[in-house]
Amino acid sequence: MSTIRLIVGLGNPGAEYEKTRHNAGFWLVDELAYQLKAPQLGPEGKFFGEAGRVKLDGEDLWLLKPMTFMNLSGQSVGALARFYKIAPEEVLVIHDELDLEPGVAKLKQGGGHGGHNGLKDIIAKLGTPNFWRLRLGIGHPGDRAEVVNFVLKKPRAEEQQAIDDAIARALAVLPQAIRGDMPGAMKVLHTIAK
C-alpha cells in the first residue's frame, strides 16, 4: 500500500471565503500543519498555492492549499505532483462533502467528482480519479439550486462544532493513513462516524 506524500486541502483564497463550508479542506490542512509543527505554509508561485514540507518518519510530506479558487484546484495539485514525481495514489485530497452530514468524515480512494468542481479539475489534471479523498460532511441545503449559495456561506454554530469534531477525528487517524494503512485508518474513522 502506498504512503501519502501530498496532502491537499481544498478551499477558496481570501478573507470573504475563510469561514465558509467550501473551505473545510483548508481548515483541516491548517490544523495538520500546526500539529506537525510545519513551517508556515507559504506562497509557492510555481505550485499556484501555499505549500510546506515536513518530515514524517524520515519521509517528505507536502501540505498544499491551492490558491487558484476551487474550480482550478487541479492546476495547483498537478504542478506540485508532477514536479516531485508524486503518483496519484500518494495524494490525499481533503474536501467538503454535500452528501455527508456535518460531523461525518470518510476516507476513500477513487470514484467520481459528485459535482464537486475542485475534484473535477484535479481528476482532469492528474488524468485519473485514483487519488485518495478525505470527505468532510457539510450537509446539503435540500435544493440543488441552493448548493452554490450554501457552500459559500458560514455553517451554523452547531454545524461548525460538528465539522470541527469530524476534523479532530480525521486528524487522529491521519498518521496511520499517511503511513499507508488506509484500511486501518478507515476502520477507526468510519466506526466512530455517525
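Buried here means under 20% relative accessible area, exposed means over 50%, and partly exposed is whatever falls in between, using a 1.4 Å probe and protein chains only. Helices (H or I, at least four residues) and strands (E, at least two) are DSSP runs, numbered from the N terminus. This is a predicted model, so local features need pLDDT of at least 70 and side-chain atom pairs count only at pLDDT 80 or more, while totals for chains, interfaces and linings use all residues. Residues are numbered from 1 along each chain as its sequence is written, and side-chain values use heavy atoms, with hydrogens and water left out.

**View 1. Strand S7 is mostly covered.**
S7 spans residues 132–137, and 6 of its 6 residues are buried. Trp 132, Leu 134 and Leu 136 point one way from the strand, while Arg 133, Arg 135 and Gly 137 point the other way. So both arginines, Arg 133 and Arg 135, are on the buried list along with the rest.

**View 2. S7 has S5 on one side and S6 on the other in the strand order.**
Two strands count as paired if DSSP finds at least two bridges between them. S5 and S7 run parallel and are joined by 6 bridges. Val 93 has Arg 133 as its bridge partner in S7. With strand S6 (residues 105–109), S7 runs antiparallel, and 5 bridges hold that pairing. Here Leu 107 stands opposite Leu 134.

**View 3. Seven strands make one open sheet.**
Reading across, the order is S2-S3-S4-S1-S5-S7-S6, and the pairing is mixed. S2 and S6 each have a single partner strand, so one side of each is left without a neighbour in the sheet. Neighbouring strands are turned by 30° against each other on average, direction ignored. Helix H2 packs on this sheet and touches S1 (6–9), S3, S4 (59–66) and S5, where contact means heavy atoms within 4.5 Å. The direction of H2 makes about 160° with that of S4; axes are lines fitted to C-alpha atoms, for helices over the stretch in contact, and angles run from 0 to 180 degrees between N-to-C directions.

**View 4. The largest nonpolar core has 37 residues.**
A nonpolar core is a set of buried Ala, Val, Leu, Ile, Met, Phe, Trp, Tyr and Cys residues joined through side-chain atoms within 4.5 Å. Ile 7, Leu 28, Leu 63, Leu 92 and Leu 134 have the most contacts inside this one. Helix H5 (residues 157–178) supplies the largest share of the core, 9 residues. Apart from this core lies another, of 20 residues, among them Leu 80, Ala 81, Val 93 and Leu 119. In soluble globular proteins, nonpolar side chains tend to be buried together.

**View 5. Leu 92 touches residues from several places along the chain.**
Leaving out residues up to four places away in sequence, its contacts are Ile 4, Leu 6, Ile 7, Val 8, Leu 107, Trp 132, Arg 133, Leu 134 and Leu 174. One of these, Trp 132, is also the bridge partner of Leu 92 in S7.

**View 6. Phe 47, Trp 62, Phe 83 and Tyr 84 form one aromatic cluster.**
Rings of Phe, Tyr and Trp (its six-membered ring) pair if their centres lie within 6.5 Å; planes under 30 degrees apart are stacked, over 60 edge-to-face, and the rest tilted. By this rule the count comes to 6 aromatic pairs. Phe 47 and Phe 83 are edge-to-face, at 5.6 Å centre to centre with 65° between the planes. This pair links distant parts of the chain, 36 residues apart: Phe 47 in the loop between S2 (42–44) and S3 (49–56), and Phe 83 in H2 (residues 73–83). Phe 47 is buried, with a relative accessible area of 1%, whereas Phe 83 is partly exposed, with 45%. Phe 47 also pairs with Tyr 84, this time tilted, at 5.8 Å centre to centre and 55° between the planes. Tyr 84 is in the loop between H2 and S5 (91–97), 37 residues from Phe 47. At 23% relative accessibility, Tyr 84 counts as partly exposed.

**View 7. Arg 21 and Lys 65 each lie over the face of a ring.**
A charge sits over a ring if NZ of Lys or CZ of Arg is within 6 Å of the ring centre and within 35 degrees of the ring normal. Arg 21 lies over Phe 150, at 3.8 Å from the ring centre. Lys 65 lies over Phe 26, at 4.9 Å from the ring centre.

**View 8. Lys 37 has a positive phi without being a glycine.**
The phi of Lys 37 is about 55°. Lys 37 is in the loop between helix H1 (24–35) and S2, and at 73% relative accessibility this lysine counts as exposed. Asp 57, in the loop between S3 and S4, is another non-glycine residue with a positive phi, near 55°. Asp 57 is exposed, with a relative accessible area of 52%.
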